[in-house]
Amino acid sequence: MRFTWIYTTWPDPASAEAAAGALVEAELCACANILPGMTSVYRWQGEIETAQECVMILKTTETRAPALRDRIMALHPYDTPCILALPVEAAASAPDFLAWIAEQTAVRT
């Protein structure tokens, strides 16, 4: 089984936390880490912008990543959210940690 971390940014901790709860509840990810207090500097519609955001990192399996991405798109307040899927090449605490992710994101019948 292959694993994926999803990196996404959110406008504030409250919206990130609400989304994280919904994503974990739906078993699309095993865990969401929310890192508040990030300053983003970027070009948007021809202008340089600066904004306070937060980062959310979601731990899931490669097979659940597309459904997770789609749900993030549905929950996200931005028109063009940052959603990056990063493959996990190795985990120092494997296999127990990866087995936990697999268990939490298993498709139930």
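Start by selecting every cysteine in this predicted model, and you will find that the structure holds zero disulfides. Zoom in on cysteine 29 and cysteine 31 to see the reason: the sulfur of cysteine 29 has its closest cysteine sulfur in cysteine 31, but the two are 7.4 Å apart, which is too far for a bond. A disulfide would need a pair of cysteine sulfur atoms within 2.5 Å. Cysteine 31, likewise, is in no disulfide, with the sulfur of cysteine 29 as the nearest cysteine sulfur. While cysteine 29 is still selected, show the surface as well, because this residue, at 1% relative accessibility, counts as buried.

Next, switch to a cartoon view and select the strands. Four of them form an open sheet, in the order β2-β3-β1-β4, and the pairing is antiparallel. If you look at the edges, you will find β2 and β4 (83-87), each of which has a single partner strand, so one side of each is left without a neighbour in the sheet. As you turn the view, follow the twist, which averages 25° from one strand to the next.

Now select β1, which covers residues 3-10, together with β4; these strands pair in the antiparallel sense over five bridges. Then add β3, which runs antiparallel to β1 and is joined to it by eight bridges. A good residue to click on here is isoleucine 6, whose bridge partner in β4 is alanine 85, while its bridge partner in β3 is leucine 58.

Move on to β2 and β3, which also run antiparallel and are joined by twelve bridges. One of the residues to pick out is arginine 43, whose bridge partner in β3 is isoleucine 48. These two strands form a hairpin with two residues between them, and in this hairpin glutamine 45 takes a positive phi near 50°.

For the last stop, select Thr9, Tyr42, Arg43, Trp44, Ala51, Glu53, Tyr78, Asp79, Thr80, Pro81 and Cys82, which line the largest pocket. This pocket has a volume of about 290 Å³. The elements that give two or more residues to its lining are β2 (31-44) and β3 (47-61), and it is β2 that gives the most, with three residues. If you colour the lining by residue type, you will see that its residues divide into six nonpolar, two polar and three charged. Arginine 43, visited earlier for its bridge to isoleucine 48, appears again here among the residues of the lining.

Note on methods. Residues numbered from 1 in each chain as written. Predicted model: local features only at pLDDT ≥ 70, side-chain atom pairs only at ≥ 80, totals over all residues. Heavy atoms only, no water. 1 Å grid on protein atoms, 1.4 Å probe; cavity = no way out; pocket = protein on both sides within 12 Å on 5 of 7 lines; lining within 4 Å. Points joined across faces, edges and corners; volume = space filled by probe spheres on them. Helix = DSSP H or I, 4+ residues; strand = E, 2+ residues; numbered from the N terminus. Nonpolar A, V, L, I, M, F, W, Y, C, P; charged D, E, K, R; others polar. Buried < 20%, exposed > 50% of the residue type's maximum accessible area, 1.4 Å probe, protein only. Pairing = 2+ DSSP bridges. Axes fitted to C-alpha atoms, helices over the stretch in contact; angles between N-to-C directions.
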